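Biologist: Let's go through this one together, a question at a time. Could you walk me through your reasoning as we go?

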Amino acid sequence: MTFHVFSFARPSLHQSFLGLIVLTVSVLSSSLWASTTPPDSPQCKTDKNIPNKAMHCPDQFAWEVFIKLNQPRDGLPSWHSFATDQDTFPQKPVPSVCSTSKASPDYCPAWPKAGRLLPIEQQGPSKSHHAPIDSVLDPFLTNVELVQRNKASFDYIVNNNLWYQQGLAKAFSTDFDVDFPVEAIEIKTNWVDLAQIDKVQRDTFHTVKYDGKQWGLVAMHITTKDLPQWFWATFEHVSNPGRCDWLGCRDSFGVTPAVTQAKKPLYGYYQAESINPALANMMESVDPVFRNYRLKGSQVDFVDDTGTPTLLGNSVTEFGFIQNSSCMTCHARATVNWQGQNGLGGFGNTPGGQATDGLPTAGISAPQQSFSGAPDPRWYTGASGNQQLHTMDFLWAMPFQAQSAYDSIKEAKAKSP
Ligand code: HEC
């Protein structure tokens with residue numbers, strides 16, 4: 001079974017207009033309780049030995065990770081060398097042929113060779129990561145997404161057989177605790193065909209040439225296992241239309257002003273915040289083009305001190321459901337069932353989403369919004385209280401990308417002596 005469940009049917013203009021009204025109503029009520037991760041502790045500025053930086057200084061920590069990931073290696077930011085979903089989850093998994101060093105990447109996970117260009121044109125299942133709002137409102141119609149992971153994360157998935165459904169089913173039946181190593185990093189980037197961007201603006205983007213086209217980076221999600229429930233942050237190109245819509249932009253470390261409030265009308269341009277000296281200093285070690293990116297915010301807990309759900313989303317990646325977007329809550333729903341298949345579906349009423357008794361089926365609750373706040377134990381157990389779903393340590397890649405092991409291994413054997 002494949003899970004190309006992101007393919008929302010585009011509604012007609014009329015339908016989507018109705019949808020928008022519903023969204024607006026839900027957002028008005030939700031914004032009353034929306035909260036965000038608190039700013040960095042004032043101590044972060046002076047104390048070099050803060051014991052738990054990710055927790056106490058999340059914004060500073062987010063930039064440190066960003067700068068580290070963007071350190072040049074062979075002329076490109078180091079994350080370019082990370083494995084993609086396509087490298088990790090072959091479409092026709094044949095685990096029995098993967099022990100040899102010559103195993104074909106068609107059947108086995110393969111860490112990318114040095115110097116490989118990012119396969120930007122890949123329009124995998126994650127491409128249409130959009131709620132069903134009319135496309136005319138989508139500022140970047142042809143934006144494509146790419147998911148990548150570092151070696152620690154890749155190795156964990158491969159060594160524990162979490163890269164195909166039968167392996168995931170075994171994790172379910174043996175109650176294997178999916179718990180990534182603390183070094184694990186996962187990123188998701190969004191790119192636009194630069195032809196869409198005004199000529200004078202083009203050199204403000206980090207770009208990649210692939211397949212005769214130039215692609216510009218507009219959004220970057222980062223999650224790292226520095227915290228048991230992962231550390232979450234998202235970055236945007238400074239000129240993204242609607243960059244701070246709905247939730248505002250918050251960076252208590254890197255820029256002034258630290259908070260840019262959301263404004264109306266939507267999809268307007270937001271003034272570039274100026275970069276603080278401490279961040280400018282850090283930026284010295286990376287390509288100056290990254291001065292055109294801003295931290296949208298970071299997230300380290302489901303709720304704030306009052307139990308109010310925290311929210312974070314990127315104007316590009318979470319377009320259409322950013323209003324209630326909570327990285328942590330939606331990702332807490334990444335699960336598989338006893339067959340090693342997607343437990344709670346992706347978005348909307350998807351075929352994989354009927355696992356629990358009558359509860360909403362996806363990362364987005366009606367009307368097409370993200371869940372937020374602390375996870376609901378019933379998501380995982382159903383009413384009976386017996387475990388029906390196995391959690392994936394916040395990573396959606398396994399339920400979304402893992403395929404069923406290929407029945408006929410003939411073809412594989414022929415290719416992988
Ligand atoms: C409503 C659900 C939802 C929300 C909210 C959400 N994500 Fe995701 N995310 C997904 C799904 C589904 C995938 C896997 C499919 C894909 O690649 O798009 C994913 C993939 C990812 C990945 C690749 C690793 C993985 O889990 O497979 C990263 C990194 C990521 N998201 C970060 C974030 C960050 C940071 C935020 C908040 C700013 C966020 N996400 C908000 C649903 C969500």
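Biologist: Leaving aside neighbours within four places in sequence, which residues is M398 in contact with?

Modeller: Keep in mind that this is a predicted model. Contact here asks for C-beta atoms within 7 Å. Once the neighbours within four places in sequence are set aside, M398 is in contact with L162, L168, V336 and M392.

Biologist: Which residues touch the most other members of the largest nonpolar core?

Modeller: That core has 88 residues. We've just met two of the names, since M398 is in contact with L168. The residues that touch the most other members are L168, W191 and M398.

Biologist: How much of the protein chain counts as buried?

Modeller: A residue needs 20 or more other C-beta atoms within 10 Å to be called buried. The protein chain has 417 residues, and the share that counts as buried is 46%.

Biologist: Which residues of α3 are buried?

Modeller: Helix α3 covers residues 58-69 and reaches 16 Å from its first C-alpha to its last, close to the 16 Å expected. It's mostly covered, with nine of its twelve residues buried. What covers them includes α2, β2, β7, β8, α7 and β13. The buried ones are P58, D59, Q60, F61, A62, W63, V65, F66 and L69.

Biologist: Now the backbone oddities. Is N161 buried or exposed?

Modeller: You'll find N161 in the loop between α5 and α6. Phi of N161 is near 55°, a positive value in a residue other than glycine. Most residues other than glycine have a negative phi. As N161 has 20 C-beta neighbours inside 10 Å, and 20 is enough to make the cut, N161 counts as buried.

Biologist: And D211, buried or exposed?

Modeller: Phi of D211 is also positive, near 55°. D211 is found in the loop between β6 and β7. Exposed means 12 or fewer other C-beta atoms within 10 Å. D211 has 9, so D211 is exposed.

Biologist: What about K209, is that residue buried or exposed?

Modeller: K209 sits in strand β6. K209 and L117 are 92 residues apart along the chain, yet their C-alpha atoms are separated by 8.1 Å. K209 has 12 other C-beta atoms within 10 Å, and because the limit is 12 or fewer, K209 is exposed.

Biologist: Which residue does a cis peptide bond join to P257?

Modeller: Most peptide bonds are trans. P257 is in the loop between β10 and β11. The cis bond there has an omega of about -5°, and the partner of P257 is T256.

Biologist: What is omega for the cis bond from K264 to P265?

Modeller: P265 lies in the loop between β11 and β12. The bond from K264 to P265 is cis. Its omega is near -5°.

Biologist: How many contacts does the model have for residues 346-363 beyond four places in sequence?

Modeller: Let's look at confidence before we count. The mean pLDDT of the protein chain is 82, and 77% of its residues reach 70 or more. Over residues 124-138, though, pLDDT is below 50, and that stretch has 44 contacts in the model beyond near neighbours in sequence. Residues 346-363 stay under 50 too, and beyond four places in sequence their contacts number 53.

Notes:
Residues numbered from 1 in each chain as written. Predicted model: local features only at pLDDT ≥ 70, side-chain atom pairs only at ≥ 80, totals over all residues. Helix = DSSP H or I, 4+ residues; strand = E, 2+ residues; numbered from the N terminus. Expected span 1.5 Å × (residues − 1). Core = buried A, V, L, I, M, F, W, Y, C linked by C-beta atoms within 7 Å. pLDDT = per-residue confidence, 0-100.
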